[in-house]
Amino acid sequence: MSSPAYDPTHGFWAWSLRLGRLAGIEISLHWSLLVMAVFLVSDLVGKGLAWWWFPIALVLVPLSVLLHEFGHSFTSRAVGGDSRDITLWACGGIAWCIVPPRPLAHFLVAAGGPAVNLAIWGACKALTSTWGPVHGGDAQLILGFVADLNMLMLLFNLLPCYPMDGGRITRAVLWPLFGRDRAVAWTINLAFVCLAGMALWSVRTSNMQLFVIAVFFVFAVIAERRMFAMGVDPELGEDAPAARGQPWIERWRARRRAAAHERIERIAAAEQAELDRLLAKVSAQGLTALTEPERRTLRQISERERERAER
């Protein structure tokens, strides 16, 4: 999942193992993921799975989660944002992303993680039919395990519920249609409905692990709703531009005006820097030291400055 409002990896439960840095991204392994992986693999081994699955699964589970989070991080950079930290924990992972305040950018970043899971699932299925039979049953078991794991991650993350990716995808889809604030409010309400259904299903199937996850996510959604009630966008933060009741076309026009203003400022700054350089050269070496292109540039900048002053 991309950056949530509620951070489960800080505070009293904050201990994490720093794994290193890759592509400028700090990677940390929260202790809860190790506990969860040991629990899941021990349960499988207890049901008759071969013992050698234990070390393999302890690597494959965090690796799949890490690749999912890289999907968020690299997509964030591709749309003009940034990502510098990833924390792997019991309910998946968290990629701390800075995403431009645009619906499409948020949609792509939220979908980046599940897209990686889908790609891994497809690759494993393709390899199962080609490479697996050549290397025997063990290879097919490993590929099948990775495929099933990534399909489970894909389906779970696509639930339309905060703080999972599906909730952020839902928000991004509703944003240009109804405005950012309504999109946040409706997605939060939908999350409570989704989590209530998850809790009921976990009780019906006696799945205590799923029930604990549902309860934990309820607290995460409550934290996001509290932030929203205080006027803080759960994803964009306190500095988010106002969008209450504003149609998407107005927001598009505002972004265009801001981009045009920024472009004009960049051009003016570049011209001023060139003017300062030319004037410094004239001061040090005299006007004759300027080349013909430099003289032309100096005249053009001076004319534009005179025109701006006359307006």
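Reader: What percentage of the 311 residues of the protein chain count as buried?

Author: Happy to start there. This is a predicted model, in which local features need pLDDT of at least 70, side-chain atom pairs count only at pLDDT 80 or more, and totals for chains, interfaces and linings use all residues. Residues are numbered from 1 along each chain as its sequence is written, and side-chain values use heavy atoms, with hydrogens and water left out. Taking buried as under 20% relative accessible area, exposed as over 50% and partly exposed as in between (1.4 Å probe, protein chains only), the buried share of the 311 residues is 39%.

Reader: Which pattern of helices and strands does the protein chain follow along the sequence?

Author: Helices (H or I, at least four residues) and strands (E, at least two) are DSSP runs, numbered from the N terminus. The protein chain has nine helices and four strands. Read along the sequence, their order is β-β-α-α-β-β-α-α-α-α-α-α-α.

Reader: How many Å apart are the end C-alpha atoms of helix H6, and what span is expected?

Author: The expected span of a helix is 1.5 Å times one less than its number of residues. Helix H6 covers residues 180–204, which is 25 residues, so it should span 36 Å. The distance between its end C-alpha atoms agrees with that, at 36 Å.

Reader: Which cysteine is among the buried residues of H6?

Author: The buried residues of H6 include Ala 183, Val 184, Thr 187, Ile 188, Ala 191, Leu 195 and Met 198. An α-helix has 3.6 residues a turn, so residues three or four places apart point the same way. With a relative accessibility of 17%, the cysteine that counts as buried here is Cys 194.

Reader: Which cysteine has the closest sulfur to that of Cys 194, and why is there no bond?

Author: A disulfide is a pair of cysteine sulfur atoms within 2.5 Å, and the structure holds zero disulfides. The sulfur of Cys 194 is 4.4 Å from the closest cysteine sulfur, which is too far for a bond. That closest sulfur belongs to Cys 161.

Reader: Which helix gives the largest share of the nonpolar patch?

Author: Patches are made of residues with over 30% relative accessible area and no salt bridge (a side-chain nitrogen of Lys or Arg within 4 Å of a carboxyl oxygen of Asp or Glu); like charges are joined within 9 Å, and nonpolar side chains (Val, Leu, Ile, Met, Phe, Trp, Tyr) within 5 Å. Val 203, Met 208, Phe 211, Val 212, Val 215 and Phe 219 make a nonpolar patch of about 560 Å², an area from the Shrake-Rupley method with a 1.4 Å probe, where for residues only the protein chains shown count as cover. Val 215 counts as partly exposed, at 33% relative accessibility. The largest share, five residues, comes from helix H7 (residues 208–229).
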